[in-house]
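Trainee: Please take a close look at the empty space inside this protein. I would like the cavities first, then the pocket and the helix packing around it.

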Amino acid sequence: MEDCKKYLKILARQYPSERAVITKLVNTQSVLNLPKGTEHFLTDIHGEYEQFNHVLKNGSGSIWQKIEEVFGFSESEASKKELATLIYYPRERLELERSLHAQDINDWYTVILHRLVLILRRVSSKYTRSHVRKLIPQDYSYIIEELTTEKEEISDKKAYYSSIIATIIRIGAAEEFIITFCNLIQKLVIYKLHIIGDIFDRGPSPHLIMDKLLDYHSVDIQWGNHDIVWMGAAAGSKACIANVLRMSAKYKSLDLLIDGYGINLTQFFAFAAKVYKKSGEKSLLNAAAMIQFKLEGQIILEHPEFEMNDRLFFDTLDVQKGTVKIEGKTWKLNSADFPTFNPKDPYSLTSEEEEIMNRLRSSFLHSEKLQKHVHFLFTKGSIYKIYNGNLLYHGCVPLAKDGSFAKVNIYGKEFSGKALYDELEIWARRAFFSKQGSAERQKGEIMIWYLWTGPYSPMFGKNKMATFERMFVEEDEPKVEEKNTYYKTLEDPEMIKKIFAEFGIDYNTGHIINGHVPQKVKKGETPIKCGGKLLIIDGGFSAAYHEATGIAGYTLVSNSRGIRLVVHKKFENTQSAIMNETDIASETITVETFAKRKFIADTEHGQSLKEFAADLEELLEAYRDGSIPYANE
């Protein structure tokens, strides 16, 4: 009781009178009756910045939908396309429109501002004024509120309304307001953005995606395996750094490290050219891979509990015979290019390799931009998230072959299911935030590497990462990566119910939203599993997967009325979108239509508001019975 009174006294400082409490209480209760905000879910973006940026700008087709709702047949298709492109790329499109309408630019401004106001009214209708106000540049909040809340059809206000727009144009502020309106529309069509992992690798521009997310108004991230390896590299894990280096060489994106993140690769380039027989990028790939296999071997030898001895290739590597034994079978090597391999001490780095890795570690630790991006991933991200009754994660819940939750030994204790996720996340954070050189940080670096490649990592979900086999063995058999048992149970309601129960999710209303495994749509695969209870929304956003999936990614959209899957076709490029008004062709699949429309009261935010409202009512009662005096008295 005393603690409750103490809390109410603290609350009274913010709401120091009955009137203040009543105002806030009425506002809070009314907010509960607004429709639930629209959530967008994207996954496996893999550095494809242009397509990602466009999907955010067009709200996965939501903006075009709003334009159709507002204008329908009253405007031509050409006019609607012009308006849509302007909303997506206001600055760039204004440069073009200025030349197209040189003789009547003020008339064009007038028409466009009126149209944008109508769209803005539509997209802001489900929000409170205070929410919209937070997204508006402060200096313009009054003007924009007046334009978006006034009803133009009321004759008493018509002249007032038109005068505002006329004055904006007369004083030369039209383009600034057009840009502000367009950016606000983009923000309002997406209330919450969820990234279900894998921002990095394959595509050329994950750093630009991260820059975009840094400034995004509302976002959370569930780490993918390709994110965690970069996070480990930023934390200083040499094994993760070697993996990032190898993949950057493989995907021809070393310029991302050099120009994007300022990593100095001069010494590494010189070493690869001098030591390896292969030329160009192949020498860089082999040099990075050799260092990676050695560093990973050291970890595996130190941690037999990881059960990864099948990855100790150098124990059976015979350079003279050109063979290697993998899982009990001997295979012919397609290359004998192992110049730094020492059969007497197979997992030790040469002095030159050691020096290179020390310098690279320092470079990764001191890359200001990389550290900023990874810090953001830690602060806005997690291994999994429960949001509005849905469970979000990238890979899988690791299962043993018998279908039980797999038990993983982490520093002497076994964890499984939700507890495994929680423990691994603790160690991942220690890798980045613990004191440099501390035992906690070093142990964290090892676990963050395990998250990237371990057989029971919830981000990886396979029995092995067959990098060595793909690089050095011709035959396909040893390259097969067996997926975790989880992927064999996706249509099993009992197993899915078991996962729901483990994470405390209501099976009747909730969903698992998953990424990681591209769905081969052209071969008949569907992202909708187990009657819609589990959704694997990796549709091949990365250009590398377009041929395999037959599409160019998904967006899952959850609004107040239901859940729909937006299927994206290939995006041409930003320049074409601006100049030729080309959009991403998309089609929509209804996943679920809610029996009752969902309101903020039905969300996690709504639950918090209900608790807050109850506290306000207690404070109001305390003011009225005199047990708490007004705070300003």
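**Cavities, pocket and packed helices**

Mentor: Phe-41, Asn-390, His-511, Ile-513, Leu-535, Leu-556, Ser-558 and Ile-563 line the second largest cavity. Keep in mind that this is a predicted model. The space in this second largest cavity is about 30 Å³. Its lining has five nonpolar residues, three polar ones and no charged ones.

Two cavities of 30 Å³ or more are counted. The largest cavity holds about 110 Å³ of space. Its lining includes Gln-292, Phe-293, Glu-296 and Ile-300. Met-308, Arg-311 and Phe-313 also belong to the lining. So do Trp-449, Thr-453, Met-465, Thr-467 and Phe-468. Three helices give two or more residues each to this lining: α17 (280-302), α21 (439-453) and α22. The most comes from α17, with four residues. By class, the lining of the largest cavity has seven nonpolar, three polar and two charged residues. Charged residues are thus present in this lining, while the second largest cavity has none.

Now the pocket. The volume of the largest pocket is about 650 Å³. Its lining is made of 27 residues. Nearest the centre of the pocket lie Arg-202, Lys-462, Arg-470, Glu-481 and Tyr-545. Two or more lining residues come from each of α13, α14 (238-250), α22 (467-472) and α24 (546-549). Helix α14 gives the largest share, three residues. The lining of the largest pocket has twelve charged residues, nine nonpolar and six polar. Helix α22 deserves a second look. It gives two or more residues to the lining of the largest pocket, and it also gives two or more to the lining of the largest cavity.

Next, the packing. Two packed helices are described by the angle between their axes and the distance between the axes. Start with α14, a contributor to the pocket lining, and α21, a contributor to the cavity lining. These two helices pack at an angle of about 40 degrees, and their axes lie 9 Å apart. On the α14 side, the contact uses Ala-239, Cys-240, Asn-243, Arg-246 and Met-247. On the α21 side, it uses Ile-448, Trp-449 and Trp-452. Six of the contact residues are nonpolar, one is polar and one is charged. Trp-449 has two roles: it meets α14 in this contact, and it lines the largest cavity.

Helix α13 (residues 225-235) is another contributor to the pocket lining. It packs on helix α19 (residues 368-380) at an angle of about 125 degrees, with the axes 10 Å apart. The two helices are therefore oblique to each other. Their crossing is left-handed. From α13, the contact takes Trp-230, Met-231 and Ala-234. From α19, it takes Leu-370, Gln-371, Val-374, Leu-377 and Phe-378. This contact has seven nonpolar residues, one polar residue and no charged residues.

One further pair rounds out the picture. Helix α9 (residues 141-149) packs on helix α11 (residues 174-188) at about 65 degrees, with 12 Å between the axes. That angle makes α9 roughly perpendicular to α11. The crossing of this pair is right-handed. Ile-143, Ile-144 and Leu-147 of α9 make the contact with Phe-177, Thr-180, Phe-181 and Leu-184 of α11. Of these contact residues, six are nonpolar and one is polar, with no charged residue.

Definitions and conventions:
Residues numbered from 1 in each chain as written. Predicted model: local features only at pLDDT ≥ 70, side-chain atom pairs only at ≥ 80, totals over all residues. Heavy atoms only, no water. Axes fitted to C-alpha atoms, helices over the stretch in contact; angles between N-to-C directions. Parallel < 35°, antiparallel > 145°, perpendicular 65-115°, else oblique. Left-handed = near helix turned anticlockwise from the far one by under 90°. Contact = heavy atoms within 4.5 Å. Nonpolar A, V, L, I, M, F, W, Y, C, P; charged D, E, K, R; others polar. 1 Å grid on protein atoms, 1.4 Å probe; cavity = no way out; pocket = protein on both sides within 12 Å on 5 of 7 lines; lining within 4 Å. Points joined across faces, edges and corners; volume = space filled by probe spheres on them.
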